[in-house]
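I opened the model to go through its helices, sheets and a pocket. My notes follow in the order I took them.

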Amino acid sequence: MTTVVKHLTLDRKDGSSVDRYVKITERRDSRTHERSIELMTTPQTSFDPERQDTGYQGCGVKTAQNFGRWFDINYSQSHLRRHYIETTDMEKYIDLPGGDAKTFTTPAELEKGLRELLDTRFDRRYKMVRHTGANKSSTLAKIEHYLLHGFPPVALAKNGNHWVTIGGMKLVYAVADGSLGDVTFTVFDNGHEAEWSWSKLHFWFSDGKDALAYAARLAGYTSYIQGTLIGCRYDMPQKEYDWSSGWSNAEFFSTKEGLFLFLLKEGNGTVHIHRMESNGSVGSSVAEYDWSGGWSTVKLFSTNAGLFLFLMKKRNGTVHIHRMNDNGTVGSSVAEYDWSDGWSSAEFFSTKEGLFLFLLKEGNGIVHIHRMNSNGTLGASVGKHDWSGGWSTVKLFSTKDGVFLFLLKEGNGMVHIHRMNDNGTVGSQIAGYDWTSGWGSCEFYSAGGKNLMLIHKSGGKHGLLGDADGLARLHEINDNGTVGAMVDDAYWMSRHAAMIHFSWPVLRVFSPVSGGHYLFQLRPTDGKVEIHRLTHEGLLPSCFVD
């Protein structure tokens, strides 16, 4: 048995802080692997519900009281109901046998109330996230995620009739195949603490077409869906920007004079280039250009003759290559090409034998690979392939064992990984995975002596129709090129407008001259930009101090 206690510090507006802990216990024998996660108020004291305030004001109100205790916010139920947690008398709309018809709290009401409750003591770095409608496996993953990250999730349990807080869980897996055998939850049911099974939690999933959901909609709360889970996440960007919409490409590049950011709008050809500051923020403008629209691919590559800019239009196959100046501006033209249309991906990679360009058409799976000349022009062809269509993400990455090709289809989650030969040709397939659909953004980088892959369900190139939960996962990449263990995950809840989910289709990891790693997130639909400082190990930021 092994036990790890992780320490969190929750920073208040007034400069003080709240210390909280997460205890993770692992037990393993020849048949089973058991993991227990428990929220703790001290290293020895379990987080528990408020037991003294028994004047019942509704399950949503009591749940808010228990949730607030985690953040050391200790208000009475009466105070919470008067100032934070709205309740609705549902008896005017529907008979609710066995439920709290006069003290009914919808997901929208509870999420809003919890948000306002946190606002009394904390700033917006602690964000509420509401998930609605899912399945057992994804819901278990979300509950485990919030507990592991140090926050008690709130669940609409008992067939959608009752709010509870979850303070811990225990999962038992079969060693043979990793399948989940059993799961129990530490549940705060009003003022009581109990161990509930999945069946007792009765976390019911439906499309919300039942009479109760209809009544809630009549009351003006259209968010009601059985299977609602509310979580909390730490999200403190180093920098935030509200730019104009339409920025579809962002690339970081280095010269003798520092690190720069190249931004382009595919729609109209607007280009901005900025110097990056040592603290990860976007610095002064060094150049602006007004080019023609349609540049769908932007890449920067280096040879022994310097740094070059590669631009390609998918719609007509136009390609321009420019030399880049040390001051970050775009230099003279090196080459222009008129290729066939449909080229959707272009990636540069180096082996022992030189620099190569990998080109792919997502529509039909055509692949061309070329050697690059030192002067930045296109060299001889080294390989052609006719694969299936649908490969939406193409990445080449390196480990100490060599160079590898990562291919992913957003439409069905199919993944192939190939070893690349020194002569630039595609080698043997070393891994294949059948993931869920929707993975639209992917970034490979190295930090803390490890190779990492950040992948996000971003909803395509412009972030439309993305995953409602905004799921992101961070995996280690093994030296042999295979995808290793998941080391972190996140729910970057998308912004909802007219039932459309906006997410983060442009992700880049960069390192300023001063060192460290930063995550750059860009949303073309509204120009929202966030920059986060990653941990020394390359993980997403959190409240953990050890």
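**Helix α1.** I began with the span of helix α1 (residues 59-70). At 1.5 Å a residue, its 12 residues should cover 16 Å, and the end C-alpha atoms lie 17 Å apart, which agrees. The expected span here is 1.5 Å times one less than the number of residues. Helices (H or I, at least four residues) and strands (E, at least two) are DSSP runs, numbered from the N terminus.

Next I looked up burial. I found 11 of the 12 residues of α1 buried, where buried means under 20% relative accessible area, exposed over 50% and partly exposed in between (1.4 Å probe, protein chains only). Among them are Cys59, Lys62, Phe67 and Trp70. Asp72 follows α1 and has a positive phi, near 60°.

**Ground rules.** This is a predicted model: local features need pLDDT of at least 70, side-chain atom pairs count only at pLDDT 80 or more, and totals for chains, interfaces and linings use all residues. Residues are numbered from 1 along each chain as its sequence is written, and side-chain values use heavy atoms, with hydrogens and water left out.

**Helix α4.** I ran the span check on α4 (residues 136-148) too. Its 13 residues reach 18 Å from first C-alpha to last, close to the 18 Å expected. The buried residues of α4 include Leu140, Ile143, Glu144 and Tyr146. Gly150, just after α4, takes a positive phi of about 90°.

**N-terminal strands.** I then traced β1 (residues 2-11) and β2 (residues 17-28). They pair in the antiparallel sense over 10 bridges; two strands pair if DSSP finds at least two bridges between them. His7 stands opposite Tyr21 in β2. Five residues separate β1 and β2 in their hairpin, and Gly15 in the turn has a positive phi of about 95°.

β2 also pairs with β3 (residues 32-42), antiparallel, over eight bridges. Val22 has Leu39 in β3 as its bridge partner. The hairpin from β2 to β3 runs through three residues.

**Sheet β12-β13-β14-β15.** I read this as an open sheet of four strands in that order, with antiparallel pairing. β12 and β15 (282-290) stand at the edges with a single partner strand each, so one side of each has no neighbour in the sheet. Neighbouring strands are turned by 25° against each other on average, direction ignored. Angles run from 0 to 180 degrees between N-to-C directions, with axes fitted to C-alpha atoms. Seven bridges join β12 to β13 (residues 258-264). Ser254 stands opposite Leu259 in β13.

**Sheet β11-β36-β35-β34.** This one is also an open antiparallel sheet of four strands. Its edge strands, β11 (239-242) and β34, each pair on one side only. The average turn between neighbouring strands is 15°, direction ignored. β35 (residues 518-523) and β36 (residues 528-533) share six bridges. Leu519 has His532 in β36 as its bridge partner.

**Second largest pocket.** How big is the volume of the second largest pocket? I noted about 930 Å³. A pocket is an open set of points on a 1 Å grid where a 1.4 Å probe fits, with protein on both sides within 12 Å along at least five of seven lines; lining residues have an atom within 4 Å of a point. Of the 30 lining residues, Glu251, Glu347, Leu396, Glu443 and Phe444 are the closest to the centre. Elements giving two or more residues to the lining include β12, β20 (345-351) and β34 (506-510).

Note on methods: Points joined across faces, edges and corners; volume = space filled by probe spheres on them.
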